[in-house]
Amino acid sequence: MRVTIITGSGAGIGAAVARRVAAPGQGLMLHGQGADDAGLARLRDVAAACRQAGAEVGFHCGDLAKPGVATELAMAARTTFGRIDALVHAAGFADRRSLRDLPREGLDRSLAVMPAAFHELASAALPDLLQSEAARVVAISSFVAHRFVPGGTFPASAAAKAALEALVKCLAIELAATGGSANVVVPGYTRKDEGRLGSLDPAAWQKAAAANPQARLAEPDDIAAAVGFLLSKDAGHITGAVLPVDGGLTLM
């Protein structure tokens, strides 16, 4: 059995990754913030779908901004499955406040949920990853760390995602000697689950789709497909890569 921890798996890209990799012989430890009944219900629904696909599934809730929660997640995976072979860090959120309007606590939370939580989770899982036959780590970044245009900057999110990418590259070096890999997937504007708009209103989402060279939003499964490949044995010689899955958005 291969065991994968997936953060942010109650919705969006994280949920799409969980559904894509779920199969017999796969152990999935799903994470969601579980801040309310609706969020917990979404996570349970994803877990049920993964079990129906043949995977063995556990889930753990908690706010990754709080120190210790990521370590608890790694421990839950180890207790449930006995090992950890792969990590997918999809937890995150977009903060569109300008640099002028961004308070220190806003920047702190972005850094806590994205790079700091990833560092804690990867550190807690590293003993297992170094013993795995083919450890795989994939972090979900964002185009906002690569594309800076008037009226379209996300300072907190961009800083957090850039730091996340740097940590993944450092981890890639530490895993390389064992044949493990660590990579980054960079989505463009990606369609949210029904009823969830994120940081943009409907008109802004339509504008974002029109601005993309392919003239459409990414679907969560577009991103999950790339993640699934990077988790596979076929991607064994790819490490430290930053892969845009954005329909050409960062070409502009």
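Which are the buried residues of helix 6? Before I answer, please keep in mind that what we are looking at is a predicted model.

In helix 6, which runs over residues 202-211, the buried residues are Trp205, Ala208 and Ala209. Around the helix axis they cover an arc of only 100 degrees, and that puts them on the same side of helix 6. An α-helix has 3.6 residues a turn, so residues three or four places apart point the same way. If you now turn to the face of helix 6 that points away from the buried side, you will find the exposed residues Ala203, Gln206, Lys207 and Ala210.

Let me move on to pairs of helices, beginning with helix 4, residues 104-131, and helix 5, residues 155-176, whose axes come within 8 Å and cross at roughly 15 degrees. Because angles under 35 degrees count as roughly parallel, helix 4 and helix 5 are described as roughly parallel to each other, and their crossing is right-handed. Among the residues that meet here are Leu107, Met114 and Phe118 in helix 4, and Leu164, Val168 and Leu171 in helix 5. The residues of this contact divide into 18 nonpolar, 4 polar and 2 charged.

The other pair is helix 1, residues 12-21, and helix 7, residues 220-231, which pack at an angle of about 50 degrees with their axes 8 Å apart, and these two helices are therefore oblique to each other. Here too, helix 1 passes helix 7 in a right-handed crossing. The contact includes Ile13, Ala16 and Val17 of helix 1, together with Ile223, Ala224 and Val227 of helix 7, and its residues divide into 10 nonpolar, 1 polar and 2 charged.

Key
Residues numbered from 1 in each chain as written. Predicted model: local features only at pLDDT ≥ 70, side-chain atom pairs only at ≥ 80, totals over all residues. Heavy atoms only, no water. Axes fitted to C-alpha atoms, helices over the stretch in contact; angles between N-to-C directions. Helix = DSSP H or I, 4+ residues; strand = E, 2+ residues; numbered from the N terminus. Parallel < 35°, antiparallel > 145°, perpendicular 65-115°, else oblique. Left-handed = near helix turned anticlockwise from the far one by under 90°. Contact = heavy atoms within 4.5 Å. Nonpolar A, V, L, I, M, F, W, Y, C, P; charged D, E, K, R; others polar. Buried < 20%, exposed > 50% of the residue type's maximum accessible area, 1.4 Å probe, protein only. Arc of directions from axis to C-beta.
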